[in-house]
Amino acid sequence: MRPETGRNEPSLFARLARRISVVLGIGAALLVTAAWYYAETAANKAYDRLLVGAALQMAESLSVEDGTLTVRLPTSAFELLGLAERDRIFYRVIDTHGQTLTGYDDLQSPTPLDADNDVSSVEEGIYKGEPVRIARATRVLADPAVSGQAYVIVAQTNEARSALTRELTLRATILVFIMSLLAFVGAMFAIRYALQPVERLGAAVRLSRSP
């Protein structure tokens with residue numbers, strides 16, 4: 001007797017289905033990774049604008065009264081930062097002599113205060129053991145009693161932006177999964193329809209070889 005061959009081999013349809021599922025899976029993974037990257041970028045841009053706006057408002061609140069540099073922190077700046085309810089806020093106002101007027105005395109800017117840095121740029125840092133985003137603003141004073149540059153440093157923890165990143169990524173992942181599933185189902189129907197002539201030919205060959 002001749003041994004039967006090919007009994008355990010998967011059908012052509014199964015092989016095509018497996019390969020298509022692998023391709024769709026790789027594509028879905030790449031799309032989810034890209035979605036996470038763009039979600040993180042969007043979240044950082046949104047909250048960084050609030051952080052920069054608060055730093056600028058605090059810098060604008062600096063004034064010279066009776067020959068002394070004073071600061072009246074605007075409530076609107078904290079209202080902006082308060083939109084990120086999950087986050088902690090740290091700030092420091094530094095006078096023209098490098099002394100802290102108010103805020104956290106140990107809060108530092110990642111780059112030197114006198115560096116030529118774009119006010120709209122926000123940097124990453126660590127403060128009190130937590131990852132934070134740090135913005136700073138410069139106020140140039142030309143009063144006869146007080147002249148020079150004063151600085152405002154504002155730091156914010158990352159809970160709100162991380163939560164927004166996860167939410168946006170989850171929504172994108174659900175959409176990618178649905179689209180991949182629809183593409184897989186559509187491809188299976190198309191393959192099944194395309195293989196019908198092959199199946200009929202195979203059936204005819206088997207019939208012709210049967211005794």
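**Figure 1. Arg72 and Glu65, a salt bridge beside a hairpin.** With a relative accessibility of 55%, Arg72 counts as exposed, and in this predicted model its side chain forms a salt bridge with Glu65, in which the closest N and O atoms are 2.4 Å apart. Glu65, at 31% relative accessibility, counts as partly exposed. The view also takes in strand E1 (residues 62-65) and strand E2 (residues 68-71), which run antiparallel and are joined by four bridges. Within this pairing, Leu62 has Val71 in E2 as its bridge partner. Two residues lie between the strands of the hairpin, and in that hairpin Asp66 takes a positive phi near 55°. As background, most residues other than glycine have a negative phi.

**Figure 2. Glu130 and Arg88, a salt bridge between distant parts of the chain.** The side chains of Glu130 and Arg88 meet in a salt bridge, with a distance of 2.8 Å from N to O. The pair links distant parts of the chain, since Glu130 belongs to strand E6 whereas Arg88 sits in the loop between helix H2 (75-81) and strand E3 (89-94), 42 residues apart. The two partners can also be described by their accessibility: Glu130 has a relative accessible area of 18% and is therefore buried, the cut-off for this class being under 20%. Arg88, at 43% relative accessibility, counts as partly exposed.

**Figure 3. Glu167 and Arg171, a salt bridge within helix H3.** Glu167 and Arg171 both lie in helix H3, where four residues, or about one turn of the helix, set them apart. A salt bridge is formed between Glu167 and Arg171, with the closest N and O atoms 2.6 Å from each other. Glu167 is partly exposed, its relative accessible area being 37%, while Arg171 counts as exposed at a relative accessibility of 55%. Elsewhere, Asp48, Glu124, Arg133 and Arg161 are joined into one network by salt bridges that share partners. For the whole structure, a search finds seven salt bridges.

**Figure 4. The largest pocket and the residues that line it.** The largest pocket has a volume of about 220 Å³. Its lining is made up of 14 residues, and of these Glu40, Asn44, Asn158, Arg161 and Ser162 lie nearest the centre of the pocket. Several elements contribute to the lining, with helix H1 (12-60), strand E5 (123-127), strand E6 (130-142) and H3 each supplying at least two residues. Helix H3 provides the largest share of the lining, namely four residues. Arg161, one of the residues nearest the centre of this pocket, is also part of the salt-bridge network with Asp48, Glu124 and Arg133.

**Figure 5. A nonpolar surface patch that includes Ile178.** Leu170, Ile174, Leu175, Phe177, Ile178, Met179, Leu181, Leu182, Val185 and Phe189 together make a nonpolar surface patch of about 1000 Å². One of these residues, Ile178, has its place in helix H3 (residues 159-194). The relative accessible area of Ile178 is 41%, so this residue is partly exposed.

**Figure 6. Lys128 in the loop between E5 and E6.** Lys128 is found in the loop between strands E5 and E6. The phi of Lys128 is near 55°, which is a positive value in a residue other than glycine. At 47% relative accessibility, Lys128 counts as partly exposed.

**Figure 7. Two pairs of residues separated along the chain.** For the pair Thr102 and Val71, 31 residues apart along the chain, the C-alpha atoms are separated by 8.3 Å. Thr102 is found in strand E4 (residues 100-103) and is partly exposed, with a relative accessible area of 24%, while Val71 is the residue in E2 that serves as the bridge partner of Leu62. For the pair Ala14 and Met188, the separation is 174 residues in sequence and 9.7 Å in space, taken from C-alpha to C-alpha. Ala14 is found in helix H1, and its relative accessible area of 30% makes this residue partly exposed.

Key:
Residues are numbered from 1 along each chain as its sequence is written. This is a predicted model: local features need pLDDT of at least 70, side-chain atom pairs count only at pLDDT 80 or more; totals for chains, interfaces and linings use all residues. Side-chain values use heavy atoms; hydrogens and water are left out. Patches are made of residues with over 30% relative accessible area and no salt bridge: like charges are joined within 9 Å, nonpolar side chains (Val, Leu, Ile, Met, Phe, Trp, Tyr) within 5 Å. Accessible areas come from the Shrake-Rupley method with a 1.4 Å probe; for residues, only the protein chains shown count as cover. A salt bridge is a side-chain nitrogen of Lys or Arg within 4 Å of a carboxyl oxygen of Asp or Glu. Buried means under 20% relative accessible area, exposed over 50%, partly exposed in between (1.4 Å probe, protein chains only). Two strands pair if DSSP finds at least two bridges between them. On a 1 Å grid over the protein atoms alone, a cavity is a set of points where a 1.4 Å probe fits but cannot get out, and a pocket is an open set with protein on both sides within 12 Å along at least five of seven lines; lining residues have an atom within 4 Å of a point. Grid points are joined across faces, edges and corners, and a volume is the space filled by probe spheres set on the points.
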